[in-house]
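User: I would like to work through this protein by question and answer, with the reasoning behind each reply made explicit.

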Amino acid sequence: MMRTYHCFWLLFWASQPHQSFLTPLSKRTSGFPEKEKVLVLSGNSRQDLHRSKRSWMWNQFFLLEEYTGTDYQYVGKLHSDQDKGDGSLKYILSGDGAGDLFIINENTGDIQATKRLDREEKPVYILRAQAVNRRTGRPVEPESEFIIKIHDINDNEPMFTKDVYNASIPEMSDVGTFVVQVTATDADDPTYGNSAKVVYSILQGQPYFSVESETGIIKTALLNMDRENREQYQVVIQAKDMGGQMGGLSGTTTVNITLTDVNDNPPRFPQSTYQFRVPESMPLDSPVGRIKANDADVDENAEIEYSITEGDGYDMFGITTDKDTQEGIITVKKALDFENKNLYILKVEAANTHVDPRFLYLGPFKDSATVRIQVEDVDEPPVFSRPAYIMEVKEDVPINSVIGTVTAQDPDAARNPVKYSVDRHTDMDRIFNINSGNGSIFTSKPLDRETLLWHNITVIAAEINNPKQSSRVPVFIKVLDVNDNAPEFAMFYETFVCENAKAEQLIQTLSAVDKDDSYNGHQFSFSLAPEAASSSNFTLQDNRDNTAGIFTRKTRYNRHETSTYFLPVVISDNDYPIQSSTETVTIRVCACDHRGKMLSCNAEALIHPTGLSTGALIAILLCIIILLVTVVLFAALRRQRKKEPLIISKEDIRDNIVSYNDEGGGEEDTQAFDIGTLRNPEAIDDNKLRRDIVPETLFIPRRTATARDNTDVRDFINQRLKENDTDPTAPPYDSLATYAYEGNGSVAESLSSLESVTTDGDQDYDYLSDWGPRFKKLADMYGSMDSDKDS
């Protein structure tokens with residue numbers, strides 16, 4: 001069985017220039033046919049191409065983009081060998097853009113492009129062609145596929161990736177230093193011709209910079225570009241397609257190049273000598289002046305460190321750097337004295353802190369200047385010979401004894417005389433005084449070391465001609481001890497002796513203290529007073545260790561005969577002069593058990609753990625009596641108050657005007673007070689009685705006649721006054737009843753709402769304007785109300 005293969009013939013007219021181009025797959029001769037070109041596709045496979053007799057085999061076609069003609073652009077012709085020319089066949093086109101971009105004449109098979117094509121939008125279109133029977137619609141040939149490629153033209157200019165480039169390089173860079181690379185792209189087909197071949201060139205920025213034509217790399221082209229001369233550069237770069245040939249399209253971009261700073265400039269003082277004046281009283285660390293060395297660099301390259309390298313004031317002054325202004329601040333390190341030295345000469349050096357070794361050949365990156373500081377004389381206060389004085393004085397010195405001297409003098413050349421005084425805030429008791437002429441300090445009151453050991457006073461020295469110039473110095477005065485206090489018992493001694501005591505029995509150990517100070521320690525001696533040494537019932541033994549013991553002299557004691565013994569003891573010290581005192585020991589005779597434990601004494605027990613003393617019992621009894629008296633008095637007062645009025649006042653509350661400090665609502669307030677209640681006593685509850693006293697006999701309240709509406713307030717008050725005079729329930733005649741009445745003498749008359757019997761609409765407030773400036777605000781208020789009502 002043989003299979004029959006039918007073929008399509010797609011004819012293109014080569015005589016139409018620049019409309020379509022054909023690419024042969026294989027050539028039979030060395031040239032293209034001049035007229036018809038035929039595409040033969042096998043029915044078995046759309047990819048297998050076979051060459052027919054007197055024909056070329058094609059599989060793709062080229063069509064120019066951006067066609068500008070008025071007619072449709074002719075693509076080619078589709079023809080089948082089954083077409084007899086009788087119109088029985090119909091050609092159908094499908095695929096990319098079929099029926100829209102590409103149309104086919106179904107009778108002749110001519111294919112045309114209806115719109116302008118842009119390769120940058122779609123470079124390739126894949127179409128399928130088929131011939132079918134017009135009557136039955138059945139295909140007479142298998143569907144064949146072919147490709148239409150859009151042939152590129154140079155219709156897109158190069159476009160840079162950025163509109164503006166920003167770059168920076170260090171100043172003083174070598175020639176050929178890389179700056180930045182710019183890039184431009186062309187949307188045209190890079191595989192066809194030179195439409196997308198871009199070449200770079202520099203339009204602006206020479207001779208400082210250059211650009212590589214193929215890569216777009218910008219480099220420096222000039223040596224030693226100095227930022228201090230020019231910092232900003234603007235370079236314009238052009239990108240042109242067609243390899244830079246005539247007729248190519250181009251685009252431009254701007255490159256802003258900034259030269260960054262390097263430390264290529266040393267600091268320089270604008271002048272070689274600086275002069276400053278400073279008073280000799282300038283405090284330490286105070287600024288004397290500022291100097292500054294200029295540096296053309298910026299940021300850290302302009303940072304400067306100042307130092308004093310030499311000069312006679314090297315140790316008197318210091319210099320620091322102000323980090324914000326890069327200035328050198330000269331300060332005082334030691335106190336100045338015009339009288340000793342009034343001129344200092346310093347050499348100050350300014351050096352960069354960040355030095356670039358590449359530019360050391362330009363010279364040392366430092367500079368120096370001379371600073372002259374003139375010390376000015378000022379009127380200084382007197383200066384004491386010492387910063388503080390310490391003096392000693394014995395506590396027994398007589399008054400007006402000199403204990404020491406302070407010295408101060410004026411440091412100025414004038415040597416003004418000085419007077420001395422004691423700051424009385426430090427010597428409130430005026431114990432010391434000072435000679436204003438020579439500074440001798442002497443006592444003005446007796447001293448006592450035991451009261452105050454140290455006295456801290458302040459002495460003031462002031463110039464006589466200028467008392468404002470003064471200085472102070474502390475004086476510490478130590479009071480030395482003398483033996484002026486006799487020793488005494490360390491405590492009050494009160495002891496007891498048992499009635500059954502034995503002879504030579506120790507009943508108490510004594511010790512003593514002395515307020516005086518002893519460098520070698522105190523040594524006390526104890527003895528009985530001469531009047532008690534022979535007749536005493538007790539003996540005293542000195543232990544030689546600043547203590548002594550009291551012993552019994554006889555065997556038994558009788559508390560009924562003698563209940564208390566007073567034993568005088570003499571205590572002496574061994575200092576000079578010897579001081580002694582006589583102290584008394586109280587000894588009570590008490591009953592004791594066989595173990596020597598005290599049971600009771602004659603007068604009162606020294607220790608009574610089981611009961612209260614007589615004094616305590618008397619105090620408790622007095623408290624109870626006072627409490628009973630208080631209760632009785634309170635009960636009597638309450639009983640008396642029952643017969644007195646509950647409210648004791650000079651005024652009766654019934655007819656008083658009571659002020660509650662409450663502001664009413666004015667003329668429009670009709671709820672504040674009702675005059676009808678005052679004029680109609682019947683409205684008052686008949687059962688209400690007086691609340692200020694407790695009535696002993698109930699009286700029937702007497703009704704009063706109702707006052708007429710036109711009754712004057714004066715008549716009304718008089719009527720009430722008569723009723724109260726005849727009322728048996730009224731308070732006594734010596735009670736004060738107040739009745740208030742406003743007369744007619746006021747020019748303003750009454751402003752009370754009690755007389756406002758008409759409405760606001762009936763009132764005329766124009767007369768308020770005639771009352772003077774005090775009523776101007778009230779006249780404006782009511783006058784405006786009348787105008788509002790009229791409107």
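The turns below take up sheets, then cores, then two threonines, in what is a predicted model.

User: In the open sheet with the order β11-β18-β17-β14, which are the edge strands?

Analyst: This sheet has 4 strands and its pairing is mixed; neighbouring strands are turned by 30 degrees against each other on average, with direction ignored. An edge strand here pairs on one side only, and the two that do so are β11 (164–170) and β14 (199–204).

User: Do β11 and β18 run parallel or antiparallel, and how many bridges join them?

Analyst: Two residues of the first strand show how the pair is aligned: V164 stands opposite T254 in β18, and N166 has N256 as its bridge partner in that strand. Strand β18 covers residues 250–260, and its connection to β11 is parallel, with a bridge count of 7.

User: Which residue of β18 is the bridge partner of V236?

Analyst: On this side the neighbour is strand β17 (residues 232–240), which runs antiparallel to β18 and is joined to it by 9 bridges. T254, already placed opposite V164 of β11, is also the residue of β18 that answers here, since the bridge partner of V236 is T254.

User: Along β18, which residues point to the face where the side chains are buried?

Analyst: The side chains of this strand alternate, and S250, T252, T254, N256, T258 and T260 point to a face where they are not buried. The other face, with buried side chains, is that of G251, T253, V255, I257 and L259.

User: In the sheet with the order β19-β25-β24-β21, what is the bridge partner of E349?

Analyst: This is an open sheet of 4 strands with mixed pairing, and its edge strands are β19 (273–279) and β21 (304–311). Strand β24 (residues 343–352) and strand β25 (residues 366–376) run antiparallel and are joined by 9 bridges. Within β25, the bridge partner of E349 is S368.

User: Which element gives the largest share of the largest nonpolar core?

Analyst: That core has 27 residues, of which F538, I550, V569, V585 and I587 touch the most other members. Several strands give two or more residues to this core, including β37, β39 (538–542), β40 (547–552) and β42 (580–592). The largest share, 5 residues, comes from β42.

User: How many residues does the other core have, the one among whose members are V278, I319, V348 and I373?

Analyst: In soluble globular proteins, nonpolar side chains tend to be buried together. This second core lies apart from the core described above, and its number of residues is 25.

User: Is T443 buried or exposed?

Analyst: T443 is found in strand β32 (residues 440–443), and, leaving aside residues up to four places away in sequence, T443 touches V397, P398, I399, N400, S401, I403, I431 and F432. A polar atom of its side chain lies 3.2 Å from the backbone oxygen of P398. Because its relative accessible area is 1%, which is under the 20% limit, T443 is buried.

User: What is the relative accessible area of T509?

Analyst: T509 has its place in strand β37 (residues 506–513), and beyond residues up to four places away in sequence T509 touches Y493, T547, A548 and G549. Y493 is 16 residues from T509 in sequence and 9.3 Å away in space, C-alpha to C-alpha. T509 is partly exposed, and the relative accessible area is 40%.

Conventions. Residues are numbered from 1 along each chain as its sequence is written. This is a predicted model: local features need pLDDT of at least 70, side-chain atom pairs count only at pLDDT 80 or more; totals for chains, interfaces and linings use all residues. Side-chain values use heavy atoms; hydrogens and water are left out. Buried means under 20% relative accessible area, exposed over 50%, partly exposed in between (1.4 Å probe, protein chains only). A polar contact is a pair of N or O atoms within 3.5 Å; within protein, one must be able to donate a hydrogen and the other to accept it, and residues adjacent in sequence count only if both atoms are side-chain atoms. Contact means heavy atoms within 4.5 Å. A nonpolar core is a set of buried Ala, Val, Leu, Ile, Met, Phe, Trp, Tyr and Cys residues joined through side-chain atoms within 4.5 Å. Two strands pair if DSSP finds at least two bridges between them. Axes are lines fitted to C-alpha atoms, for helices over the stretch in contact, and angles run from 0 to 180 degrees between N-to-C directions.
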